[in-house]
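Trainee: Could we go through this model together? I would like to begin with what a term means before we turn to particular residues.

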Amino acid sequence: MINALAQEIHENNIEKGFYEDEKNIGEMLALIHSEVSEALESDRKGKYCELDNENWTIDGKTLRGDIENEEGLNYETLFKMSVKDTFEDELADIMIRVMDLAAFKGIDLEAHVIAKIKYNKTREYKHGKKY
């Protein structure tokens with residue numbers, strides 16, 4: 001599933017023009033880092049959202065994000081009102097950038113995540129570190 005999502009993300013980024021110029025791995029990693037910094041700022045500001053299977057709660061009302069709803073708000077408007085720039089949104093951006101990079105480099109990210117999880121299970125408490 002991870003690889004399929006990574007490929008979908010990568011194909012969308014190509015379609016949206018992000019691969020018209022030669023890619024620089026350092027720049028791609030720096031952009032991942034920038035999303036981590038944005039997540040930190042969202043947490044510091046307490047910007048979190050309530051999102052459950054693309055339904056948003058706004059002012060106590062739950063609105064579906066997959067259709068034009070009774071409030072006349074489309075998906076883009078709903079997203080900007082309740083999800084954009086939240087901690088969860090920034091974590092998603094981190095994952096999207098990581099997955100795009102993996103697909104660009106032809107990395108089987110799913111296999112590497114599974115291998116790392118298995119390896120981490122063999123490691124000592126806190127991996128032998130203070131924190």
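Mentor: Let us begin with the term "polar contact": a pair of N or O atoms within 3.5 Å, where, within protein, one must be able to donate a hydrogen and the other to accept it. Please keep in mind throughout that this is a predicted model.

Trainee: Which residue does the side chain of Asn13 join in a polar contact?

Mentor: The partner is Asp100, and the contact between the two side chains is 3.3 Å. Because the limit for a polar contact is 3.5 Å, this pair qualifies at 3.3 Å.

Trainee: Where is Asn13 found, and is Asn13 buried or exposed?

Mentor: Asn13 is found in helix H1. The residue is buried, since its relative accessible area is 14% and the cut-off for buried is under 20%.

Trainee: What else does Asn13 touch, leaving out residues up to four places away in sequence?

Mentor: Besides Asp100, Asn13 touches Phe18 and Tyr19.

Trainee: Asp100 belongs to H4, I believe. How do the axes of H1 and H4 cross?

Mentor: Helix H1 covers residues 2-15, and its axis comes within 8 Å of that of H4, with a crossing of roughly 90°. The two helices are therefore roughly perpendicular to each other.

Trainee: Which residues meet there?

Mentor: From H1 the residues are Ile2, Leu5, Ala6, Gln7, Ile9, His10 and Asn13, and from H4 they are Ile96, Met99, Asp100, Ala103 and Phe104. Sorted by class, this contact of H1 with H4 has eight nonpolar, three polar and one charged residues.

Trainee: Gln7 is on that list. How far apart are Gln7 and Asp100 in sequence and in space?

Mentor: They are 93 residues apart in sequence, while their C-alpha atoms are 7.3 Å apart in space. Gln7 lies in helix H1 and is partly exposed, with a relative accessible area of 34%.

Trainee: Let us change topic. What is the angle between the axes of H2 and H4?

Mentor: The axes of H2 (residues 25-44) and H4 (residues 87-105) cross at roughly 165° and come within 8 Å. That angle makes H2 roughly antiparallel to H4. The crossing of H2 past H4 is left-handed.

Trainee: Why give both an angle and a distance?

Mentor: Because two packed helices are described by the angle between their axes and the distance between the axes.

Trainee: How do the residues of the contact of H2 with H4 divide by class?

Mentor: They divide into 12 nonpolar, one polar and eight charged. On the H2 side, the residues include Ile25, Met28, Leu29, Glu35 and Glu38. On the H4 side, they include Phe87, Glu90, Asp93, Arg97 and Lys105.

Trainee: Let us take Glu35 from that list. Is Glu35 buried or exposed?

Mentor: Glu35, which lies in helix H2, counts as buried at 7% relative accessibility. Not counting residues up to four places away in sequence, Glu35 touches Glu90, Asp93, Ile94 and Arg97.

Trainee: Which of them has its side chain joined to that of Glu35 by a polar contact?

Mentor: Arg97 does, and the contact is 3.3 Å. As a further point, Glu35 and Leu91 are 56 residues apart in sequence, with 7.5 Å between their C-alpha atoms.

Trainee: Which residues other than glycine have a positive phi?

Mentor: Asp85 and His127 are examples, with phi near 65° for Asp85 and near 55° for His127. Asp85 sits in the loop between H3 and H4 and is partly exposed, with a relative accessible area of 34%. His127 is found in the segment after helix H5 (109-121) and counts as partly exposed at 32% relative accessibility.

Trainee: And Phe79, where is its place?

Mentor: Phe79 is in helix H3, which covers residues 75-82. At 23% relative accessibility, the residue counts as partly exposed. Phe79 and Asp89 are 10 residues apart in sequence and 9.7 Å apart in space, C-alpha to C-alpha.

Trainee: Finally, the whole chain. How many helices and strands does the protein have?

Mentor: The protein has five helices and three strands, in the order α-α-β-β-β-α-α-α along the sequence. Of the 131 residues, 23% are buried. Among contacts with a separation of 6 or more, 60% are between residues 24 or more positions apart.

Conventions:
Residues numbered from 1 in each chain as written. Predicted model: local features only at pLDDT ≥ 70, side-chain atom pairs only at ≥ 80, totals over all residues. Heavy atoms only, no water. Axes fitted to C-alpha atoms, helices over the stretch in contact; angles between N-to-C directions. Helix = DSSP H or I, 4+ residues; strand = E, 2+ residues; numbered from the N terminus. Parallel < 35°, antiparallel > 145°, perpendicular 65-115°, else oblique. Left-handed = near helix turned anticlockwise from the far one by under 90°. Contact = heavy atoms within 4.5 Å. Nonpolar A, V, L, I, M, F, W, Y, C, P; charged D, E, K, R; others polar. Buried < 20%, exposed > 50% of the residue type's maximum accessible area, 1.4 Å probe, protein only.
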